[in-house]
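Please walk me through this structure in my viewer, telling me at each stop what to select next and what I should find there.

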Amino acid sequence: MKRLGAVMVVLLAFPATASAHATLEQTSPKIGQRLAASPRVVRLEFDQSVRALSNAIQVFDARGRLVSGAPHTLAGDSRVVVVPVYRLGRGGYTVRWATISNDSHVGRGVFTFGVRAAAPPISDAYGATGPGTSEHVVRWLYFLCLALLTGGLGFRLLVLRGPVAPDVERRFYRVTGIGVVAALQVGTIAFLLRAEDALQLPFTAFLYGDLSPFASSTRFGKAFVAMELGFAFVAALLFLAWLTGRRLLLWPAFLLSLGLGSGLSLSSHQSDDRGWLPSFADWVHLSAATLWIGGLLSLAFVVWNDRELRRRAFWRFSEIAGPLVALVVAAGVYMTFKRLPALDDLWSVGYGKLLLVKLGLVCLALSWGAFHHFVVRPRLDRPAVAGFLTRSLAGEASVAVAILLLAAILVDSKPPEKQPAPPQAAALASRR
Amino acid sequence: MQPPAEHVHWLFATGFLLLGLLLLAEAIVGREVWRLRPWRAYLWPSLFFALGVLMWPVMVFFTNSTIHMLAHSSWAQVMMLAGAAELGLISGKLRNELWRLAVPLAFAVSGAAFLIHEANPWLYSRSAFVHHVCGWTLLVGALFPLGAAFKPRSLVFNTGYALVIVAVAITLYASRDVAPVFGHLSPSAGVAHR
């Protein structure tokens, strides 16, 4: 016992390595760097000494050929691992590394660089397969979380407005609370899935995979950082609003969550070569859709048992649903024209076919909404209509949720490339 | 530009020390005396909640391994939950006393996260030792807030609860790689570089 006590005192009194395992501090070439000429070596610098494995650094070209030699730690500084590379031609290169740190943890990571060409995004590193079914499902769940959170907040502030009965307030906080907590979890899973695809590691090795290049130098990583921090703040605001009963706190939570929706557009695969206007249109499309769908879900599940409130809420929601749907359609049409260079892309390429199915579902949802607006609304006072309305709203919301699933797949897909103009046409155009 | 990990540990250690001292003061003078001024009741749960919120930046900016990111995420969430549950109970917004179990749950989850994300035995290195101490202190120490949830006036449970947090704070202060006072002594850590 005394010996253990002495060991504790010694260990706590004198400093040693405290960080759990080696952290990559610098690389040469830098992550994502475009080089004018081939480097002679690839060099990694860690914050503590490491042991180089036989595959400590492997450099691959775009076709997966190994273009590096045997790695070794630098004489005199075992924090630095170096590998010689062959003379590299023009193109993008992927560096995969694995080292053992002092605490025996094997750290692994990946990054890219380019020689006389732009470096490929890390998510497109050699070996990455791109978004799969699990990523589509996760992105869909993210859309649903946004609908519950942003749509729920919008419904409370723009439709219900003033004070409401305590049980309605409780249901509102439950719906939006589930939305924000789920957004934090789903955001983390989405980030990990994208990183896991690029790192190409088995689960146990992935636990020690270095995620910092993804968080700091990719668009989806930056979106992840902003959205996690933002949603944590929204969660705190939502909690404080519930605790203190101050509805004013819901406004910053609403505006912040509305703005954070843009992170999904910026992190999408198809935002690679877009300007600010298509990205803005994408955000308008997504925000209007989440407000609309979140409003429908709130109508169905937040005010469902308060007949008078539901009647009032239905009238007010139908007033703002029209402009929201108009925004969804206008932004959607604009993006369709931007992304599909030719009309026949709609039925000749996979992206277009998916878009057609989505448009079909949008038409169904719009017809359902029009039925509510023109047929149900004037008859709201009839008892039979009141009983049927909740089921009908849940039905319309289900169609909208299906639309979100297709939107999730579209966001992760690449639209067809624009065909370059034939040489003669290009020459004529330049003469004019 | 990130601060060194140990600086972040020290900042949180300061937060935990303050939290532990507030709890200790409440345990010593008794709940009735402590709450003679109503705002005092909100002090430590608010601090717990704020520490949870502050853990999110650590989660997203220290991403040098997946398991560390997930551990920080779990700490952020359970601290927010524990603080929020206590605030809800004090304000009367929550009435079910089972919400008091949020604190022992937070201790247990945090302790498990410390132990799961440390792959080495106790005396392998300083970091391994710190992780094991924190992990087991929180796991075993969860018994104190658990007891306090059912016997809120127990001096033993309330004092033990406070001292567990103080112990975690001291252990976190001991987490250092390059300390300005002691210098960089470990030969295995290579040349001093910060």
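The tour below starts with the domains, passes to the contact between them, and ends at a group of paired strands.

Before selecting anything, keep in mind that this is a predicted model. Begin by colouring residues 15-120 of chain A as domain 1 and residues 133-412 of chain A as domain 2, since these are the two domains into which the chain is divided. If you mark the centre of each domain from its C-alpha atoms, the two centres lie 40 Å apart.

Next, turn to the place where the domains touch, a contact to which domain 1 of chain A gives 11 residues and domain 2 of chain A gives nine. On the domain 1 side, select strand β8 of chain A, residues 106-115, which supplies six residues and thereby the largest share of that side. Taken by class, the domain 1 side of this contact is made of five nonpolar residues, five polar residues and one charged residue.

Now move to strand β6 of chain A, residues 77-84, and show it together with strand β3 of chain A, residues 41-46; these strands pair in the antiparallel sense, with five bridges between them. To see one such bridge, select A:R43 and A:V82, the latter being its partner in β6(A).

Keep β6(A) on display and add strand β5 of chain A, residues 72-74, which pairs with β6(A) over three bridges, again in the antiparallel sense. Here A:L74 has A:D77 as its bridge partner in β6(A). As a last stop, look at the two residues that lie between β5(A) and β6(A) in the hairpin formed by these strands, where A:G76 in the turn has a positive phi of about 90°.

Conventions:
Residues numbered from 1 in each chain as written. Chains lettered and ligands numbered in written order. Predicted model: local features only at pLDDT ≥ 70, side-chain atom pairs only at ≥ 80, totals over all residues. Domains from an automatic or database assignment. Contact = placed C-beta atoms within 7 Å. Helix = DSSP H or I, 4+ residues; strand = E, 2+ residues; numbered from the N terminus. Nonpolar A, V, L, I, M, F, W, Y, C, P; charged D, E, K, R; others polar. Pairing = 2+ DSSP bridges.
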